[in-house]
Amino acid sequence: MNNNACDLSSKQCKPCEGGLPPLSATTVADYLKQLDGWQLQDKQIAKTYGFKNYYQTMAFVNAVAWISHREDHHPDMLVGYNQCVVTYTTHAIGGLSENDFICAAKIDTLFSI
Ligand SMILES: C[C@H](O)[C@H](O)[C@H]1CNC2=NC(N)=NC(=O)C2=N1
């Protein structure tokens, strides 16, 4: 993890019920540089995490669910036997917000334990 990603992961999500514009392309590019392995897909960011088996995959899924609950910001997760694809976007604004990048950084911190 680089230092910037560390900054992002120590932030907290702010409640978002719309009213803000999505992040600009420049800001998105800047945040993406602070993360490892996250890809921009239209109005979402996504990353695939690999595991040894289903048990480890599900432990990860549950830890992500815990972070989602704490931050009140929720990803889509596509779960397979030994992988999980995590996708973030901010539904309330129809695009990316800082919350997406904060949660992405927090999950990466979890994954590096
Ligand atoms: C008030 C609270 O921040 C909102 O209801 C949250 C809940 N979780 C959310 N998760 C995501 N991914 N997008 C949202 O717009 C969103 N809204």
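**Figure 1. Asp-72 sits out in the open, with 12 C-beta neighbours inside 10 Å, so it counts as exposed.** Before we zoom in any further, keep in mind that this is a predicted model. You can find Asp-72 in the loop between α3 and β3, the strand that covers 76-79. There's something to spot in its backbone too: phi is positive here, about 50°, although Asp-72 is not a glycine. Most residues other than glycine have a negative phi. Asp-72 is also one of the residues that surround the ligand, which brings us to the next view.

**Figure 2. Here's the ligand with its ring of residues.** Which residues surround the ligand? Follow the chain and you'll meet Pro-15, Cys-16 and Glu-17, then Asp-72, His-73 and His-74, and finally Thr-90, His-91 and Ala-92. Sort this shell by class and you get three nonpolar, four polar and two charged residues.

**Figure 3. Asp-42 gives us another positive phi.** Its phi is near 60°, and once again the residue is something other than glycine. Look for Asp-42 in the loop between β1, which spans 39-41, and β2. Is Asp-42 buried or exposed? Asp-42 is exposed, because just 9 other C-beta atoms lie within 10 Å, and the exposed class takes in anything with 12 or fewer.

**Figure 4. Now for the largest nonpolar core, a group of 19 residues.** Some members are better connected than others: Leu-35, Phe-101, Ile-102, Cys-103, Ala-104 and Ala-105 touch the most other members. Which elements give two or more residues to this core? They are β2 (44-50), α3 (54-71), β4 (83-88) and α4 (98-111). Helix α4 gives the most, with six residues. In soluble globular proteins, nonpolar side chains tend to be buried together.

**Figure 5. Zoom in on Ile-45, a residue of strand β2.** Why does Ile-45 count as buried? Count the C-beta neighbours inside 10 Å and you reach 23, while 20 are enough for a residue to be called buried, so Ile-45 makes the cut. Leaving out neighbours within four places in sequence, Ile-45 is in contact with Trp-38, Gln-39 and Leu-40 on one stretch of chain, and with Tyr-88, Leu-96, Asp-100 and Ala-104 further along. For a sense of scale, compare Ile-45 with Met-77: they are 32 residues apart along the chain, and their C-alpha atoms are separated by 12 Å.

**Figure 6. Asp-100 is a charged residue in helix α4.** Is Asp-100 buried or exposed? Asp-100 counts as buried, because 26 C-beta neighbours fall inside 10 Å. Skip the residues up to four places away in sequence, and Asp-100 touches Ile-45, Tyr-88, Thr-89 and Thr-90. You've already met Thr-90 as part of the ligand's surroundings. Try picking out Leu-32 as well: it is 68 residues from Asp-100 along the chain, yet their C-alpha atoms are separated by 11 Å.

**Figure 7. Two helices, α3 and α4, pack against each other at an angle of about 140°.** Their axes are 10 Å apart, and the crossing is right-handed. Which residues of the two helices meet? From α3 come Ala-63, Val-64, Ile-67 and Glu-71, and from α4 come Cys-103, Lys-106, Ile-107 and Leu-110. Split the residues of this contact by class and you get six nonpolar, no polar and two charged. Cys-103 may ring a bell, as it's among the core members that touch the most others.

**Figure 8. Two residues of helix α3, Ala-63 and Gln-56, share this last view.** Ala-63 counts as partly exposed, because it has 15 C-beta neighbours inside 10 Å. Gln-56 is partly exposed too, with 14 other C-beta atoms within 10 Å. Now try some distances. Ala-63 and Lys-47 are 16 residues apart along the chain, with 16 Å between their C-alpha atoms. For Gln-56 and Thr-27, 29 residues apart along the chain, the C-alpha atoms are separated by 34 Å.

Key. Residues numbered from 1 in each chain as written. Predicted model: local features only at pLDDT ≥ 70, side-chain atom pairs only at ≥ 80, totals over all residues. Core = buried A, V, L, I, M, F, W, Y, C linked by C-beta atoms within 7 Å. Helix = DSSP H or I, 4+ residues; strand = E, 2+ residues; numbered from the N terminus. Contact = placed C-beta atoms within 7 Å. Axes fitted to C-alpha atoms, helices over the stretch in contact; angles between N-to-C directions. Left-handed = near helix turned anticlockwise from the far one by under 90°. Near = placed C-beta within 6 Å.
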